[in-house]
Amino acid sequence: MNNIKRCFILFSMMILAFSSGCQARTESYSTGKYRVTVVNSSQVPVHQIAYEMNGQSGGGMNADGSLIRQGEEMFFDFDEISGHAVWSVLDEDDATMVSDTLSFAFDEKNGMIIDIESGRDKLELTVRKP
């Protein structure tokens with residue numbers, strides 16, 4: 001009888017531990033106070049998205065080195081921001097495809113979206129209105 005109780009308790013603890021690690025998230029995870037989402041809305045695949053703000057720079061690319069295709073998003077989290085940043089989109093050779101200074105325009109949840117769009121003969125960066 002003692003062994004059955006021990007097995008039952010052990011089994012119950014394993015189920016509890018497993019189920020507590022499998023919770024669905026309804027919101028995206030953010031590590032900063034402000035989130036900028038860059039969406040490739042163009043048909044042109046890009047390799048990297050970079051920014052420069054107040055002498056600091058950073059960027060993002062797919063972890064496996066694959067191209068960022070139409071509809072894919074990159075997320076950038078910031079604890080502090082200035083009024084604007086220079087955003088650049090790079091190709092596979094790290095050549096700049098488009099670069100523009102964009103003012104920050106955050107919504108009530110401190111998020112904003114920048115679209116990479118196809119212009120007449122070039123790419124353009126546009127900020128979606130919150």
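These are my notebook entries on Ser-82 and strand β5 in a predicted model.

**Entry 1: where Ser-82 sits.** I started with Ser-82 and found it in the loop that links β4 (73-78) to β5 (84-90). Is Ser-82 buried or exposed? I looked up its relative accessibility, which is 19%, so Ser-82 counts as buried, the cut-off for buried being under 20%.

**Entry 2: what Ser-82 meets.** Next I checked the surroundings of this loop residue. Leaving out residues up to four places away in sequence, I noted that Ser-82 touches Met-53, Asn-54 and Phe-104. Met-53 belongs to strand β2, which covers residues 48-53. I also looked for a polar partner: a polar atom of the Ser-82 side chain lies 2.8 Å from the backbone oxygen of His-84.

**Entry 3: on to β5.** How many of the residues of β5 are buried? I counted five of seven, so I wrote this strand down as mostly covered.

**Entry 4: the neighbours of β5.** Which strands pair with β5? I found β2 running antiparallel to β5, with five bridges between them. Strand β6 (residues 96-103) is also antiparallel to β5, and here I noted seven bridges. Ser-88 made a handy marker for me: this β5 residue stands opposite Ala-50, and it also stands opposite Ser-99 in β6.

**Entry 5: the turn.** Last, I followed the chain through the hairpin of β5 and β6, where five residues lie between the strands. I made a note of Asp-94 in this hairpin, since my look at its backbone gave a positive phi near 60°.

How values were computed. Residues numbered from 1 in each chain as written. Predicted model: local features only at pLDDT ≥ 70, side-chain atom pairs only at ≥ 80, totals over all residues. Heavy atoms only, no water. Helix = DSSP H or I, 4+ residues; strand = E, 2+ residues; numbered from the N terminus. Buried < 20%, exposed > 50% of the residue type's maximum accessible area, 1.4 Å probe, protein only. Polar contact = N/O pair within 3.5 Å; in protein donor to acceptor, adjacent residues only side chain to side chain. Contact = heavy atoms within 4.5 Å. Pairing = 2+ DSSP bridges.
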